[in-house]
Amino acid sequence: MIPRWKRSWGDQNEDLPVDVLPCSNGEYIPLPASAGQRAIMSLADAESERWRRRLGMSRRQFVRTAAATAVGLWAIDMVGDSRFGSFGFAHNTDTTDACDLENDGKAGLQTLQNLPGEFIFDIQSHHVDPDGLWRVNNPAIHAFFAAVWPQSSPLLGGRPAIRDDGSIRGGGAGELDPIANLSRHHYMKELFLDSATTMTVLSAVPTAPDDKQPLPIKEAAATVRAVNALARSQRSVMHAFVMPNRGSAGNNTDGMGLAPVFLAEELELMEQRAVEYQDILGGWKVYCPWGDVPNASGWFLNSPEIGIPFLSQIQHLHDKHGTPAVLASHKGFALPGFDQRCATTVDVGPAARAFPGIKFIIYHSGHDSGSAQGPYPGTDNVPPDQRSVDAFIANLHRSGMNAQAHGGNSPNVYAELGSVWRDVMRTVPTDDFRNPVGGATAAAHLLGKLITHVGPKRVVWGTDSLWYGAPQPEIVALRRFEFTEEGKVLYNLPYGLEGDVENPAQPAPSPARTIRNAILGRNAAEAYGIDPDAARNAISCDQVNAIREEYITNPNTSIESAPMASNQMQGARTRRELFAMMREKPWGP
């Protein structure tokens, strides 16, 4: 008798590649799906069905093609606001379907290969160690990941489907152990095979000590070294997580000159890691709003008791060991267990002014979920303690660290787009289309403000993957994005993202000089001391590139397709999912 084996997971799912429904990276509460977001998904779903039948493809095949991604971005343009920007379709707002996709001149922008001059450097990427001690030593964090990222599993019977014409289709159960969907193997596949990402920074989530980390530094180092060894070129570097406020008694001790109990130990650990991981350490990662005492033991980058000693150690290690003086600081998104004061950007400008030798990369650009993107209202009209891109810009102005005060670019402050670009490009207007808070217009305001006030050479790319799955839809969205003529006038960008990063008033003399390619990776490469052109040359013939070529090359697959892409969001879809763990124990050790 021939045994009949039953697979532990289903076939590939049928989810659309551009998913505008709410999803969280675990650092904020996802908002309820709006009627506009459901309308976008419904329109994209119907048009995908029409196209896949026209092309004679199954749905599972079609949703992994360039055309499916284009349909998703087309739907955003059709439903969202496109007065100041578009994803390339707003010129044809009278169309009722995506019939112009074949002739829009942008089909090649969905490719998994890098375009001329393009070096995509994702400086905020994550995975966890599904076999680590943290699942025993830190059961609350384990429960958190299981609740926040309940990827398809036999126990759940597939991803929660949001239907009612919001159109997310299930199918494809993923790993038997749900947390394994966030493993090293998925990280390597989704970042380097299912997207056009060239290079990554592997970052960390906040918890301490190391045996409670979902990604201990030794495991992070193993991933980075595995990627680089496989590639035979430098494809990845990593952050070392630092918690200088570990052992803080809370904000009631602010200004009393009391150092946290374990500050000296954290500074010593920094030196050990600077020596041990010198070959792959790209910088340091901190969460200012998170601490031992929930809601009360965050810290500021310029605080005398914590921030100044920590920043001094970064500079010291750079001078002594050559360790990159690069700091990535979480700002903006804040869970209820975070110290909300310290998620603001009031401290960024003063700290950057005091430490000009350190490059301050502000993760999320100070943005919080739900904060609207309109034209910059002026510094006097933005409260300093607000969590928003406007407050980030206003606080740079207040400290004299804005772009205009320094010849067009902030000297050492960078605005990072992780979770922000996704959050902004997928929103839709809350009342009517005259209110520019959603769709490509929101994306236009986000980019326009940051380019104007932080600088075209200071906006950097990040995606927060794996929490949102492969970042290819976000990459394609930035490749396709265009300022409208009205948007170009508003932000004094006559050539839009094709302007010269050195002088936006002029067209770029080559693809490597465009503002678009600067944002996608070249700006971050400069911050991390990487030569993007040398890296491109090495990568063009490395093993990862060869694997990608083999992966996408067969008689039925073009370079615009990702034949094995999961098309799955790994983050929390609802407030209920996020708070399932929070009821047991707040985020923290």
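In strand β9, valine 460 is the bridge partner of glutamate 416. Strand β8 (residues 413–416) and β9 run parallel and are joined by two bridges; strands are said to pair if DSSP finds at least two bridges between them. Helices (H or I, at least four residues) and strands (E, at least two) are DSSP runs, numbered from the N terminus. The model is a predicted one, in which local features need pLDDT of at least 70 and side-chain atom pairs count only at pLDDT 80 or more, while totals for chains, interfaces and linings use all residues. Residues are numbered from 1 along each chain as its sequence is written, and side-chain values use heavy atoms, with hydrogens and water left out.

The β8–β9 pair belongs to an open sheet of eight strands with parallel pairing, in the order β2-β3-β4-β5-β6-β7-β8-β9. The edges are taken by β2 and β9 (459–460), each with a single partner strand, so one side of each has no neighbour in the sheet. At the β2 end, strand β2 (residues 121–125) pairs with β3 in the parallel sense over three bridges, and phenylalanine 121 stands opposite methionine 199 in β3. Three bridges likewise pair β3 with β4 in the parallel sense, with threonine 200 opposite serine 236 in β4.

In a regular strand the side chains alternate between the two faces of the sheet. Strand β3 (residues 199–202) offers an example: Met199 and Val201 point one way, Thr200 and Leu202 point the other way, and all are buried. Buried means under 20% relative accessible area, exposed over 50%, and partly exposed in between (1.4 Å probe, protein chains only).

Moving along the sheet, glycine 283 is found in strand β5 and is buried, with a relative accessible area of 0%. Leaving aside neighbours within four places in sequence, glycine 283 is in contact (heavy atoms within 4.5 Å) with Met238, His239, Ala240, Pro324 and Val326. The C-alpha atoms of glycine 283 and phenylalanine 241 are separated by 9.0 Å, with their positions 42 residues apart along the chain.

Histidine 330 lies in strand β6 (residues 326–330) and is also buried, at a relative accessible area of 0%. The side chains of histidine 330 and histidine 364 are joined by a polar contact of 3.3 Å. Such a contact is a pair of N or O atoms within 3.5 Å; within protein, one must be able to donate a hydrogen and the other to accept it, and residues adjacent in sequence count only if both atoms are side-chain atoms. Not counting residues up to four places away in sequence, the residues touched by histidine 330 include Glu27, Val286, Tyr287, Cys288, Phe338 and Tyr363.

Two loop residues that follow strands of the sheet can be added to this picture. Aspartate 339, in the loop between β6 and α10 (348–354), is buried with a relative accessible area of 2%. Beyond four places in sequence, aspartate 339 touches Asn251, Pro289, Asn295, Ala296, Ser297 and Gly298. Valine 128, in the loop between β2 and α4 (134–137), is buried with a relative accessible area of 2%. Valine 128 and glutamate 219 are 91 residues apart in sequence, and their C-alpha atoms are 8.7 Å apart in space.

Among the helices, α8 can be described in some detail. Its buried residues are Leu263, Glu266, Leu267, Met270, Arg273 and Ala274. These cover an arc of only 120° around the axis (taken from the directions from the helix axis to the C-beta atoms), which puts them on the same side of α8. They pack against α7 (217–231), β4 (236–241), β5 (281–287) and α9 (307–321), whereas Ala264 and Glu268 are exposed on the other side of α8.

Apart from these parallel pairings, strand β11 (residues 499–500) and strand β12 (residues 503–507) run antiparallel and are joined by two bridges. They form a hairpin with two residues between them, and aspartate 500 stands opposite asparagine 503 in β12.

For the protein chain as a whole, the secondary structure comes to 19 helices and 12 strands. Of its 589 residues, 62% count as buried. Residues 24 or more positions apart account for 77% of the contacts with a separation of 6 or more. The chain exposes about 21400 Å², of which carbon and sulfur atoms supply 54%; accessible areas come from the Shrake-Rupley method with a 1.4 Å probe, and for residues only the protein chains shown count as cover.
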